[in-house]
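The following note sets out points for a colleague's review of the structure displayed below. It proceeds from the central sheet to the packing around it, and then to the interior and the overall dimensions.

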Amino acid sequence: MEPLMHVEPPGPRALEVLHRDAAVISRSMVREYPLVLQKASGVNLWDVDGNRYLDFTAGIAVMNMGWNHPLVVFAIQEQAKYLSHGAFLDFCSEVPVRCAEELVGLLPDGLDRVYYSNSGAESVEAAMKLARHHTGRNYFISFYGGFHGRTYGALSLTAAKVVQRRSFGPFLPVIHAPYPDPYHPPGGDPATCDADVTAYLEDTIFRSEVAPDEVAAIFVEPVQGEGGYVVPPPGFLPRLRRLCDEHGILLVVDEVQSGCFRTGRFLAATHADVTPDIVCLGKAIGGGIPFGVTVASSEIMDWPPGSHASTFGGNNLACAAALAVMDLIRDGGFGDRVMTRGEYLVKRLRELAEWHTIIGDVRGLGLMVGMELVRDRSTKEPAREERETILRHAFERGLVLLPAGESVIRFCPPLIVDEEDIDVGIDILDRVMKEF
């Protein structure tokens with residue numbers, strides 16, 4: 001459906017709210033656009049001035065089932081009649097138990113023990129504590145370009161933008177390694193960048209910085225999110241799995257953004273036939289309600305009662321919403337539809353690249369797609385300012401997108417997006433880029 005713009009954004013009502021926002025809300029909160037939302041449905045957003053936008057963000061990959069899916073809304077409403085806060089820290093209620101039972105049924109065998117929290121960052125924090133407790137080791141490894149959250153442990157793992165870390169150190173003992181980006185291969189060769197990265201871990205980090213028997217866990221995004229929607233070579237995760245097994249290191253997969261069928265499977269890691277030791281989930285699994293989940297085997301999740309907990313973890317509203325989400329994605333053929341729509345989106349973006357040389361690379365898995373903008377295709381110089389201009393002009397025409405990495409536009413629409421919606425979005429981008 002074409003966007004419907006009644007007034008040039010931001011309109012008068014939006015400006016009034018933004019003025020109030022500036023007076024009372026922490027300036028640490030990013031406002032990508034002067035967009036003030038009033039309601040949402042499916043793949044559409046409405047602002048307070050009545051403009052209707054086509055959404056290619058899904059609320060940063062949260063609203064995978066579409067905004068305000070009626071079955072998710074109904075589940076939340078029904079649960080609210082009986083019990084919202086279940087005090088799951090001290091008491092038990094059935095809904096969180098049923099949610100955990102359903103969740104482990106969607107995961108690889110062996111991942112059978114669930115810890116609830118309230119966000120992706122909290123799920124990562126729990127994984128860090130669990131890894132230390134289980135292994136008795138202190139160090140962690142993560143990757144440049146990775147984003148795992150902004151709380152202290154998660155921020156220690158994060159190495160995406162310096163503004164996220166400036167003035168907040170010192171951090172936990174985390175050592176960062178290059179991520180195997182085929183468009184910017186750390187060893188210079190796209191064909192070997194996965195092997196080059198694992199060789200760097202063994203030959204540089206384990207020899208010069210930390211002994212492998214001191215490393216509790218390696219944290220990795222199977223597809224980097226904030227770092228630029230980078231899809232690693234298919235051999236990377238299996239290589240990492242073997243490396244971890246060799247040295248008794250836990251492999252923790254951060255699926256906060258890539259999980260819940262964003263890439264066409266419940267876990268993106270399973271595209272590589274890899275089973276992690278610990279999985280971190282958040283965002284889409286809660287259907288729009290704050291929710292974080294850390295999953296491991298019973299053997300690994302061996303911490304004693306009272307060692308880690310959360311007042312609101314296992315909130316009944318969040319668990320009810322998650323159950324509705326899982327019911328929807330259990331529908332046969334859902335993953336195939338996501339893959340088909342993702343392939344169509346990539347095809348249309350590559351067609352766009354034939355006409356606009358500012359597009360250096362298009363990559364993706366399922367409906368987690370990145371378009372990297374460059375000033376020169378040979379040098380791959382990032383087109384940072386041009387990206388911001390394109391995002392702003394697309395917004396003014398009713399298409400909502402988000403940045404990632406240095407000069408990437410990310411495409412993470414609700415998974416219910418259809419080909420007509422994709423065509424509308426591509427046409428808007430085409431018109432915007434013709435202005436360059």
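1. The central sheet. In this predicted model, seven strands form an open sheet; 7 strands follow one another in the order 4-10-9-8-7-5-6, and their pairing is mixed. Its edges are strand 4 (113-117) and strand 6 (174-177), each of which pairs on one side only. On average, neighbouring strands of the sheet are turned by 20° against each other, with direction ignored.

2. The edge at strand 4. Strand 4 and strand 10 (residues 292-296) run antiparallel and are joined by 5 bridges. Two of the residue pairings may be checked directly: V114 stands opposite V295 in strand 10, and S117 has G292 as its bridge partner in that strand. Although strand 4 is an edge strand, it is mostly covered, with 4 of its 5 residues buried.

3. Helices against the sheet. Helix 4 (residues 94-105) packs on the sheet and touches strand 4, strand 9 (278-281) and strand 10. The direction of helix 4 makes about 125° with that of strand 4. Helix 7 (residues 193-208) lies across strand 5 (139-143), strand 6 and strand 7 (215-220). Relative to strand 6, helix 7 runs at about 135°.

4. The nonpolar interior. The largest nonpolar core comprises 81 residues. The residues with the most contacts inside this core are L103, F266, L349, M371, L401 and F411. Helix 9 (residues 316-329) supplies the largest share of the core, namely 12 residues. Apart from this core lies another, of 25 residues, among them A177, Y179, L201 and V215.

5. The surroundings of L401. Which residues does L401 touch, not counting those up to four places away in sequence? The contacts are Y33, F56, T57, L391, A394, I409, R410, F411 and L429. One of these, F411, is itself listed with L401 among the residues with the most contacts inside the largest core.

6. Cysteines. How many disulfides does the structure hold? The count is 0. For two of the cysteines, the sulfur positions can be examined individually. The sulfur of C193 is 18 Å from the closest cysteine sulfur, that of C244, and is therefore too far away for a bond. The sulfur of C280 likewise has C244 as the site of its closest cysteine sulfur, at 14 Å, which is also too far for a bond. C193 is buried, with a relative accessible area of 0%, and C280 is also buried, with a relative accessible area of 0%.

7. Overall dimensions and contact pattern. The secondary structure of the protein amounts to 12 helices and 16 strands. Its C-alpha atoms fill a box of roughly 60 × 60 × 45 Å along the principal axes. Why may the radius of gyration be said to agree with that of a compact globule? For 436 residues such a globule would have a value near 22 Å, and the protein has 21 Å, so the two agree. Of the 436 residues, 56% count as buried. Among contacts between residues at least 6 apart in sequence, 72% join residues at least 24 apart.

How values were computed:
Residues numbered from 1 in each chain as written. Predicted model: local features only at pLDDT ≥ 70, side-chain atom pairs only at ≥ 80, totals over all residues. Heavy atoms only, no water. Core = buried A, V, L, I, M, F, W, Y, C linked by side-chain atoms within 4.5 Å. Buried < 20%, exposed > 50% of the residue type's maximum accessible area, 1.4 Å probe, protein only. Contact = heavy atoms within 4.5 Å. Disulfide = S-S within 2.5 Å. Pairing = 2+ DSSP bridges. Axes fitted to C-alpha atoms, helices over the stretch in contact; angles between N-to-C directions. Rg over C-alpha atoms; globule rule 2.2 N^0.38 Å.
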